[in-house]
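Reader: I've got a model open and I'd like a close look at one spot in it. Walk me through that spot, then carry on from there.

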Amino acid sequence: MSQTIDPAPPAVMPVTRFAPSPTGLLHLGHALSAMLSHDYARAHGGRFILRIEDIDTTRCRPEFVDAIFRDLDWLGLSWDGEVRRQSEHFDAYRTVLDALMARDLVYPCFCTRSEIEAEIAASASAPHGPPPAGPDGPLYPGTCRRLTPAARATRLTAGHPHALRLDMAAALAALGTVASDLSWTDMDAGPVKATPAIHGDVVLARKDVPASYHLAVTHDDALQGITHIIRGRDLEAATHLHRLLQALMGWPVPVWRHHRLLTDDQGRRLAKRTPGVRLADLREAGVTPAGIRRRLGLADAD
């Protein structure tokens, strides 16, 4: 099945990006995203940007950053401009959080994972039932959203560790009638209605990481002028939330494409730990970049 993108020419010069997280070695799924993004930009006279999404400083490793450069160079993919490393820009993400907090759209959450799981388990037998499920499981039950201002201030003053959550109901209310009209354009499917409420009160900054993937990626896409985002179908649900953040912050809206996910012989989605699909291993086994393209069903780049 060919994965080549050949829709009508874009209305603007495309700026695409490949934004891996250096927590392991790249595999064939990463190659598919990178090649599709690179080829689309080059085919239409646009720019292809490389970004290193290393906000999780406890899991990301410098050696994996170096490996990303080697793998992309071996694949014959060149990028434009400097590589942005998210770990160098936490102040920028904090500015966004401060802006949302000033509008009372973000609140501190002091719950531990075990406390959240316990409340969800207990709610199963409550009259109102368990919280609804989102893309990643049961939604946060809103424990800390219901804290009084005094209780919240007491915990903050005492220095209790906390994450920062988006108050989904408040965010949608802040947009007014715009919230019901949120949508995005998919390169394959056309217009898609955005329903960010499926994520509930999502975390925008963890206790141990000062910005979430959702916050950092939408900020950087806007900052870098990304017009077309080509990524795996596993991130399609996140697009609903990203559209909300873009609307709240007045950021431009790119076009998306969510390509198919690659699987192993048992139908399991490829992961960095999946044997035999890492690009470094394939390179050592004598596979060529042209062979990678054929295996992924990609036409040769122009």
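Which ring does the charged end of R283 sit over, and how many Å from its centre is it?

Author: That would be the ring of W74: the charged end of R283 sits over it, 5.2 Å from the centre. For a charge to sit over a ring, NZ of Lys or CZ of Arg has to be within 6 Å of the ring centre and within 35 degrees of the ring normal. Before going further, keep in mind that this is a predicted model, where local features need pLDDT of at least 70 and side-chain atom pairs count only at pLDDT 80 or more, while totals for chains, interfaces and linings use all residues. Residues are numbered from 1 along each chain as its sequence is written, and side-chain values use heavy atoms, with hydrogens and water left out.

R165 does the same kind of thing with Y140, its charged end sitting over that ring, 3.7 Å from the centre.

Rings also meet rings: there are three aromatic pairs, counted when the centres of Phe, Tyr or Trp rings (the six-membered one for Trp) lie within 6.5 Å, with planes under 30 degrees apart called stacked, over 60 edge-to-face and the rest tilted. One of them is W184 with W256: centres 6.1 Å apart and planes at 70°, so edge-to-face. W184 belongs to strand β8 (residues 183-186) and W256 to strand β12 (residues 255-259), so this pair ties together parts that are 72 residues apart in sequence. Helices (H or I, at least four residues) and strands (E, at least two) are DSSP runs here, numbered from the N terminus. Both tryptophans, W184 and W256, are buried, where buried means under 20% relative accessible area, exposed over 50% and partly exposed in between (1.4 Å probe, protein chains only).

Now for the inside. The largest nonpolar core has 34 residues; such a core is a set of buried Ala, Val, Leu, Ile, Met, Phe, Trp, Tyr and Cys residues joined through side-chain atoms within 4.5 Å. Two or more residues each come from α3 (90-102), β7, α6, β10 (203-205), α7 and α8. L100, L166, L204, L241, L244 and L248 have the most contacts inside this core. Leave out residues up to four places away in sequence, and L204 touches L97, L100, V106, L164, R165, L166, A211, S212, L215 and L245, contact being heavy atoms within 4.5 Å. So R165, the arginine over Y140, turns up among the contacts of L204 too. Another core, of 29 residues, lies apart from the largest one, and F18, F48, L72 and V277 are among its members. In soluble globular proteins, nonpolar side chains tend to be buried together.

Two of those helices are worth a zoom. In α6 (residues 168-175), M168, A171 and L175 are buried. Look down the axis and the buried residues fall within an arc of 65° (taken from the directions from the helix axis to the C-beta atoms), so they line one face of α6. They pack against β7 (163-166) and α8 (236-249), and the face turned away from them carries the exposed A169 and A173. Right after α6, G176 takes a positive phi of about 65°.

Helix α7 (residues 213-223) is mostly covered, with nine of its eleven residues buried, including H214, D220 and D221 as well as L215 and V217. It also has a glycine just behind it: G225, with a positive phi of about 65°.

Most residues other than glycine have a negative phi. D104, though, has a positive phi near 60° without being a glycine. You'll find D104 in the loop between α3 and β4 (106-109), and at 61% relative accessibility D104 counts as exposed. Another loop aspartate, D234, sits between β11 (228-232) and α8 and is partly exposed at 40%. Neighbours within four places aside, D234 is in contact with L261 and R269.

Last, the cysteines. The whole structure has zero disulfides, a disulfide being a pair of cysteine sulfur atoms within 2.5 Å. For C109, the closest cysteine sulfur is that of C111, 4.0 Å away and too far for a bond. C109 is buried, with a relative accessible area of 2%, and C60 counts as buried as well, at 10%.
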